[in-house]
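Let's take a walk through this one together. Have the viewer open and follow along as the residues come up.

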Number of protein chains: 2
Amino acid sequence: MAEPSDGDERSEAELKIMGATYRALCEHGYANLTMQAIAEEYGKSTAAIHYYYDTKDDLLAAFLNFLLDKFIDRVHEVETTAPKERLDLLLDRLLTHREGSRDFMTAMLEMRAQAPYNEAVREQFQRNDEYTRYLLKTVIADGTDSGVFSAEDPEHAADALMLIVDGARTRYASLGDENALEEARRTAREYVESVLMAE
Amino acid sequence: MAEPSDGDERSEAELKIMGATYRALCEHGYANLTMQAIAEEYGKSTAAIHYYYDTKDDLLAAFLNFLLDKFIDRVHEVETTAPKERLDLLLDRLLTHREGSRDFMTAMLEMRAQAPYNEAVREQFQRNDEYTRYLLKTVIADGTDSGVFSAEDPEHAADALMLIVDGARTRYASLGDENALEEARRTAREYVESVLMAE
């Protein structure tokens, strides 16, 4: 098996397999996802996938890592360092439909629900979550240092915002609550303006 | 098949089957839940369960209805009508470990993740959610009428609190985030005090 690459170093084949995994998840959901289904989207044999990923779990953990890198790329597009604007843009990115279609969010919730039983997938979810909370915490702490925010506990504030983000994702996928992302964006705005910006 | 009873009218057998379903979910998770596993917890044959519930989906929808009734019973114990105290107690009940062990929360998240594929289960989840948001909205609207709260939009405020609750349940089960319920209780308190009680 070839060593799977990280970040920008993914080969063209690996990028194509990531795209195929995305499409197969949207089409089949997580419970019915097979290497065969991914291979069909990829247009090659399952052996061509196994060259890079030993097992389906390895592939799924790599896929979550790929999503994290995509998120990091989109965060790098946020060029402003002004804390309030930067936090707003991060929340926009966390709470938009760009994160994927309903089918994809449904598959991701299934994968999350299986995380307790699957160490590789759980650890990658934890890494993605840790990175996102770190970004939020940093901008909240910066903003508190510069007097824009007045967060007593930036780490808790980051956790609070992630509760709202994860609540939205769960509600959107499981209840078919079409407004969940918008309600969450509004709730996050209220939290920032009333809790973090209170004097 | 006997007509399954609602609320207080559940027979002793039905109550025992609900208890057996709870234990089987904790032990096997949702993906591996079988009528046989529930029957073993019940101590009778699967036929004795099918007398009340045609299919596993019927049984699971009845189980979610049973959880709603249990929640309603616990809400009825909240005797105060003072809006702030009543909202605090509702949030306590929504965000405590009394809702169940980690194993149970894990099984419930699995069930939620399957809701998009399962109409009976999804509809019962939606009913439970609707009832809970109705309770929250009512107490927030009452409190706004009496001047304790100043919610511009009680319906949105109820949605905001449910985002926090659902985020906590998802994070607790899927990331193993032991502090999720406490962080959520703290976040809900901040939201109530800074957003709903702002003048």
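What follows starts with how the chains are arranged, then moves to their contact, the charged pairs and a few buried spots.

Keep in mind throughout that this is a predicted model. Start with the overall arrangement of chains A and B. Turn chain B by 180°, with a shift of 0.0 Å along the axis, and it lands on chain A with an RMSD of 0.0 Å. The two copies are thus related as by a two-fold rotation axis. If you want a landmark for that axis, go to Gly167(B): its C-alpha is 1.8 Å away, the closest approach of any residue of chain B.

Now for the contact itself. Chain A puts in 40 residues, and chain B puts in 40 residues. Do the copies meet through the same surface, or what does the overlap say? Every bit of it points one way: 100% of the interface residues of chain B are interface residues in chain A too, so the surface used is the same. The size of an interface is often given as the accessible area lost when the parts come together. Here that area is about 3,400 Å², with carbon and sulfur atoms giving 59% of it. Three residues stand out on the chain B side: Leu163(B), Arg171(B) and Leu175(B) supply 20% of the area that chain B buries against chain A, more than any other three residues.

Charge comes next. Side chains of opposite charge can pair when their charged atoms come close. Over all chains the structure holds 34 salt bridges, and six salt bridges are found across the interface of chain B and chain A. One of the pairs to look at is Asp153(A) with Arg186(B), at 3.3 Å from N to O. This pair crosses between chains: Asp153(A) sits in the loop between helix 7 (119-145) and helix 8 (154-174) of chain A, while Arg186(B) belongs to helix 9 of chain B. Asp153(A) counts as partly exposed, at 29% relative accessibility, and Arg186(B) is partly exposed as well, at 30%. Swap the chain letters and you find Arg186(A) and Asp153(B) in a salt bridge, again with 3.3 Å from N to O.

Arg171(B), one of the three residues named above for buried area, also forms a salt bridge with Asp166(A), at 2.7 Å from N to O. Here the crossing runs from helix 8 (residues 154-174) of chain B to helix 8 of chain A. Arg171(B) and Asp166(A) are both buried. The pair is part of a wider arrangement, in which salt bridges that share partners join Arg112(A), Asp129(A), Arg133(A), Asp159(A), Asp166(A), Arg169(A), Arg171(B) and Asp177(B) into one network.

For a salt bridge inside one chain, try Asp88(A) and Lys84(A), whose closest N and O atoms are 2.8 Å apart. The two residues are four apart in helix 5 (residues 83-94) of chain A, so about one helical turn separates them. Lys84(A) counts as buried, at 15% relative accessibility.

Some charged residues go without such a partner. Find Glu183(B) in helix 9 (residues 180-196) of chain B. What is the nearest side chain of opposite charge to Glu183(B)? That is Arg186(B), 4.7 Å away, and the buried Glu183(B) has no salt bridge. The cut-off is 4 Å, so a separation of 4.7 Å does not count. Beyond its neighbours within four places in sequence, Glu183(B) is in contact with His156(A), Asp159(A) and Leu163(A).

Glu110(A), in helix 6 (residues 102-114) of chain A, is another buried residue with no salt bridge. For Glu110(A), the nearest side chain of opposite charge is Lys56(A), 9.6 Å away. Leaving out neighbours within four places in sequence, the contacts of Glu110(A) are Gly29(A), Tyr30(A) and Ala31(A), along with Ala113(B), Gln114(B) and Tyr117(B).

Next, pick out Ala173(B) in helix 8 of chain B. Ala173(B) is buried, with a relative accessible area of 0%. Not counting residues up to four places away in sequence, Ala173(B) touches Pro116(A), Arg102(B), Met105(B), Thr106(B) and Leu109(B). With Leu109(B), the separation is 64 residues in sequence but 7.0 Å in space, C-alpha to C-alpha.

Last stop, the cysteines. A disulfide is a covalent bond between the sulfur atoms of two cysteines. How many disulfides does a search of the whole structure find? Zero, over all chains. Cys26(A) is buried, with a relative accessible area of 18%, and Cys26(B) counts as buried at 18% too.

Definitions and conventions. Residues numbered from 1 in each chain as written. Chains lettered and ligands numbered in written order. Predicted model: local features only at pLDDT ≥ 70, side-chain atom pairs only at ≥ 80, totals over all residues. Heavy atoms only, no water. Buried < 20%, exposed > 50% of the residue type's maximum accessible area, 1.4 Å probe, protein only. Lys, Arg positive; Asp, Glu negative; His and termini not counted. Contact = heavy atoms within 4.5 Å. Disulfide = S-S within 2.5 Å. Least-squares fit on C-alpha atoms with pLDDT ≥ 70 in both. Buried area = accessible area lost by both parts, 1.4 Å probe.
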